Amino acid sequence: GNVPERSFSLALIALEDFPYTVQAERALSLAIQNNRVLDVFTGHTGAVNSAAYSPDGTKLVTASDDQSIIVWDVVTGDHIVTISNPDGRVLDADWSPDGNQMALIATEESGNNLYLVATPPTSIRPSRLLGAGNYAMPRWSPDGRHLIFTAARVADLSDIFMLDIACGSDCDGQIYQMTSTLSIETFPVWSPDGRTLSYTSYRNG
């Protein structure tokens, strides 16, 4: 498919490194018009697995295979804070509605952990909510009281679960299974009023 950034680079190379042609100049003009990239934030050394805006839109958090999350200033592109997960990759991060906390999925040898950290974060490890499991895609309810996430009970099959954030150290007893199928249920999303959930399913192939 058409990648605006690549089109821009190729057209620029054609004009700078080869004899001039009207076609190359036209290609550069079209690439500039079609390029909607406002900024590029650099700093991770591994693949970036997720990115999420803070509720007020001033910050961005990214989770990466380089075993870290970075919180960025959206206006300046500066790193506000970088936090490492010494045990493995960080797969996902999502801000609470009030912007005071983040839910993170980070890996260790025995599986994925669900963490809850205050913002700006200073550490990941002491804040584990759920022990090792195959968790993914944590998403806050609009009122900030619950998290939904996916978890694989058996290989290649996942369901949607909900966690009561007020549970504190007793979270293992406050998980509610929202779906139960022999399929892959994933990409959960809250409705704006927090009363319903939508998700995608592979149950029909």
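Two strands pair if DSSP finds at least two bridges between them. The legends below describe close-up views of a predicted model.

**View 1. Strands β11 and β12 pair in the antiparallel sense.**
Three bridges join β11 to β12, which spans residues 175-177. In this pairing, Phe 161 stands opposite Gln 177 of β12. Strand β11 covers residues 157-164. Six of its eight residues are buried, so the rest of the structure largely encloses β11. Phe 161 counts as buried because its relative accessibility is 10%, and buried means under 20%.

**View 2. Tyr 135, Phe 149 and Phe 161 form a cluster linked by ring pairs.**
The aromatic pairs number three by the rule applied. One of them joins Tyr 135 and Phe 149 edge-to-face, with 5.5 Å centre to centre and 90° between the planes. Tyr 135 belongs to strand β9 (residues 135-140) and Phe 149 to strand β10 (residues 146-154). This pair links distant parts of the chain, 14 residues apart. Both Tyr 135 and Phe 149 are buried. Phe 149 also pairs with Phe 161, and here the rings are stacked. Their centres are 6.0 Å apart, with 15° between the planes. That contact runs from strand β10 to strand β11, across 12 residues of sequence. Phe 149 is buried, at a relative accessible area of 1%.

**View 3. Strands β5 and β6 make a hairpin.**
β5 (residues 90-95) and β6 (residues 101-108) are antiparallel partners. Five bridges hold the pairing. Asp 94 has Ala 103 in β6 as its bridge partner. Five residues lie between the two strands. In the turn, Gly 99 has a positive phi of about 75°. Strand β5 is mostly covered, with five of its six residues buried.

**View 4. Asp 92 and Arg 139 meet in a salt bridge.**
The N to O distance between these side chains is 3.2 Å. Asp 92 sits in strand β5 and Arg 139 in strand β9, so the pair links distant parts of the chain, 47 residues apart. Is Asp 92 buried or partly exposed? Asp 92 counts as buried, at 7% relative accessibility. Arg 139 is partly exposed, at 27%.

**View 5. Arg 89 and Asp 65 form a salt bridge between two loops.**
Their side chains meet at 3.3 Å, N to O. Arg 89 lies in the loop between β4 (79-84) and β5. Asp 65 lies in the loop between β2 and β3 (68-73). The pair therefore ties together parts that are 24 residues apart in sequence. Arg 89 counts as partly exposed, at 37% relative accessibility. Asp 65 is partly exposed too, with a relative accessible area of 28%.

**View 6. Asp 56 and Lys 59 meet in a salt bridge.**
The side chains come to 3.9 Å, N to O. Asp 56 is exposed, with a relative accessible area of 52%. Lys 59 counts as partly exposed, at 23% relative accessibility. By the rule applied, the model has three salt bridges.

**View 7. Leu 10, Ile 13 and Phe 18 form a nonpolar patch on the surface.**
Together these residues have about 310 Å² of accessible area. Ile 13 has its place in helix α1, which runs over residues 4-17. How accessible is Ile 13, and which class does that give? Ile 13 is partly exposed, at a relative accessible area of 39%. That value also clears the patch cut-off, because patches take residues with over 30% relative accessible area.

**View 8. Confidence along the chain is lowest in strand β8 and highest in strand β2.**
Strand β8 (residues 128-133) has a mean pLDDT of 68. Strand β2 (residues 59-64) reaches a mean of 94. Over the chain, the mean pLDDT is 83. Of its residues, 86% reach 70 or more.

Note on methods. Residues numbered from 1 in each chain as written. Predicted model: local features only at pLDDT ≥ 70, side-chain atom pairs only at ≥ 80, totals over all residues. Heavy atoms only, no water. Patch = residues over 30% accessible without salt bridge, like charges linked within 9 Å, V, L, I, M, F, W, Y side chains within 5 Å. Areas by Shrake-Rupley, 256 points an atom, 1.4 Å probe, with all protein chains shown as cover. Salt bridge = Lys/Arg side-chain N within 4 Å of Asp/Glu carboxyl O. Helix = DSSP H or I, 4+ residues; strand = E, 2+ residues; numbered from the N terminus. Buried < 20%, exposed > 50% of the residue type's maximum accessible area, 1.4 Å probe, protein only. Phe/Tyr/Trp six-rings, centres within 6.5 Å; stacked < 30°, edge-to-face > 60°. pLDDT = per-residue confidence, 0-100.
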